[in-house]
Amino acid sequence: METTPHILILPMYYPEKDSSPHRGYMFYEQARSLTSSGCKVGIAFTEQRPLKNITLKSFFRESHFQISAEKTDQIIICRMHAWNPKLSTHPGGLIWSLLTLLLVRRYIRRFGKPDLIHAHFGLWAGFAASVIKKIYGIDYVVTEHASSINAGKISNKQATILRKAYRNAASVICVGSKLAENIRRYTTTDTPVSVIPNFVDTGIFQTSGRNTHKEKNFRFVSIGNLVPRKGFSDLIAGFAEAFSQMPHVCLWIIGDGEEAPLLQEQIAALKMEGRISLLGVLPREEVAQRLAECDAFVLPSYAETFGIVFIEAMATGMPAIGTVCGGPEDIITPENGYLLTPGDQEALVKHLKNIYLNYHLFDRKKISLHIRENYDFRLAGHKLKEIYLKECIRKIR
């Protein structure tokens, strides 16, 4: 066996032709961090393109289940060009798991048998890893990110799959402490469960040296999929109430989703056009640039497991407003922002005003330093390698 640990990452999503430019970048960054820590790393990804994106031409040219492989930054990226009618259904998950099994078989034939598989999400990558273990005897760990577990929205069928995914895992890693508590209902008593947060590339998201003159121009920013769970309707209403008489205060919302038309109508009804802007989905580098032009971050979610957008924003030095919903409470402290109960509109308005009025009390350099010292991507490889060595010492030496 190689002296260099060979890790194969199974992500549930990864950048693909029809996806958001941000989709799955964190798994690639994790792989880069692992290679820097002395691991041989591969990524095996089965695409999830929905039927609505498949044409006869694209099927024969792009998506007829062929497998491609490339090597980028010393990372082997093996991809099945597939489609899936609806991954969120039980049959869709089983189809994805079967295709992933075929993909991993091809990976092993071409690049060798990995020492360990690192699956992201129990549904369905963790389940696929459990099947792969039965066939090939490869140990695996699962990192769980699913906000549905914190929200208590797991069906009986999903619970059965999660238990299968976790039962034979060498370790289950959670991205937040609340998730680690809630996940215990699906694990056995002897399953090792640990917390390793998500990380941010502080080379991209960094302090800008922006000088805030709040009496002249103050800008809030928020990022996320425009879906009800993220609380953007609450944010727009709260912002309008807090700053209706302060035209120099504005709000940028970065993201897209099903609620976009409704949110635009809400902005118009409140006569906040020009003050609240929906910027849509932006490339990652432009997101970093936009954050550097802002003064405070806010996202009143109803459910999170971590909240990467918080650490991306705070890496630039911004204080933040979040909710006690499963993730932000691990990140936000009185020194760097405010927390509130999801749906508490009175508290949201209060904290929007407070972050403006008390802005001088927040030290942007300290906020940024805290993120760099605790959430920089360079830490990820070392922390994960510790888990690999601790839980799979018989396999990796």
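**Exercise 1. A salt bridge across the chain**

Find where the two partners of the salt bridge between the side chains of Glu47 and Arg79 sit, and state whether they are buried or exposed.

*Solution.*
Step 1. Take the contact. The side chains of Glu47 and Arg79 form a salt bridge, at 3.5 Å from N to O.
Step 2. Place the partners. Glu47 lies in the loop between β2 (40-46) and α2 (56-61), and Arg79 lies in strand β4 (residues 75-80). They are 32 residues apart, and the pair links distant parts of the chain.
Step 3. Check the cover. Glu47 and Arg79 are both buried.
Note that the model is predicted. Its structure holds 9 salt bridges.

**Exercise 2. A salt bridge within a helix**

Explain how Glu181 and Lys178 are spaced in helix α7, and classify each by accessibility.

*Solution.*
Step 1. Take the contact. A salt bridge joins the side chains of Glu181 and Lys178, at 4.0 Å from N to O.
Step 2. Read the spacing. Both are in helix α7 (residues 177-182), 3 residues apart, so about one helical turn separates them.
Step 3. Classify Glu181. Its relative accessible area is 53%, and exposed means over 50%, so Glu181 is exposed.
Step 4. Classify Lys178. Its relative accessible area is 37%, so Lys178 is partly exposed.

**Exercise 3. Two loops joined**

Determine which loops are linked by the Arg210 and Asp295 pair, and which class each residue falls in.

*Solution.*
Step 1. Take the contact. The side chains of Arg210 and Asp295 meet in a salt bridge at 2.8 Å, N to O.
Step 2. Place both ends. Arg210 is in the loop between β8 (193-195) and β9 (218-223). Asp295 is in the loop between α10 (284-291) and β12. The pair spans 85 residues and links distant parts of the chain.
Step 3. Classify. Arg210 has 21% relative accessibility and is partly exposed. Asp295 has 0% and is buried.
Step 4. Look for shared partners elsewhere. Glu29, Arg32 and Arg284 are joined into one network by salt bridges that share partners.

**Exercise 4. Charge on the surface, a contact under cover**

Name the residues of the patch of positive charge, then find what the side chain of Thr305 reaches.

*Solution.*
Step 1. List the patch. On the surface, Arg105, Arg106, Arg109 and Arg110 gather in a patch of positive charge.
Step 2. Place one member. Arg105 is in helix α3 (residues 90-111). Arg105 has a relative accessible area of 36%, so it is partly exposed.
Step 3. Turn to Thr305. Thr305 is in the loop between β12 (296-298) and α11 (308-315). Its relative accessibility is 8%; under 20% means buried, so Thr305 is buried.
Step 4. Follow its side chain. The side chain of Thr305 reaches the backbone oxygen of His145 at 2.6 Å.

**Exercise 5. Backbone checks**

Which peptide bond is cis, and where are the positive phi values of Asp73 and Lys271 placed?

*Solution.*
Step 1. Check omega. The peptide bond from Leu123 to Trp124 is cis, with omega near 5°. Trp124 belongs to helix α4 (residues 122-136).
Step 2. Check phi at Asp73. Phi is near 50°, positive in a residue other than glycine. Asp73 is in the loop between β3 (67-72) and β4. At 44% relative accessibility, Asp73 is partly exposed.
Step 3. Check phi at Lys271. Phi is near 55°, again positive in a residue other than glycine. Lys271 is in the loop between α9 (260-269) and β11 (276-280). At 69% relative accessibility, Lys271 is exposed.

Note on methods. Residues numbered from 1 in each chain as written. Predicted model: local features only at pLDDT ≥ 70, side-chain atom pairs only at ≥ 80, totals over all residues. Heavy atoms only, no water. Patch = residues over 30% accessible without salt bridge, like charges linked within 9 Å, V, L, I, M, F, W, Y side chains within 5 Å. Areas by Shrake-Rupley, 256 points an atom, 1.4 Å probe, with all protein chains shown as cover. Lys, Arg positive; Asp, Glu negative; His and termini not counted. Charge placed at Lys NZ, Arg CZ, Asp CG, Glu CD. Helix = DSSP H or I, 4+ residues; strand = E, 2+ residues; numbered from the N terminus. Buried < 20%, exposed > 50% of the residue type's maximum accessible area, 1.4 Å probe, protein only. Polar contact = N/O pair within 3.5 Å; in protein donor to acceptor, adjacent residues only side chain to side chain.
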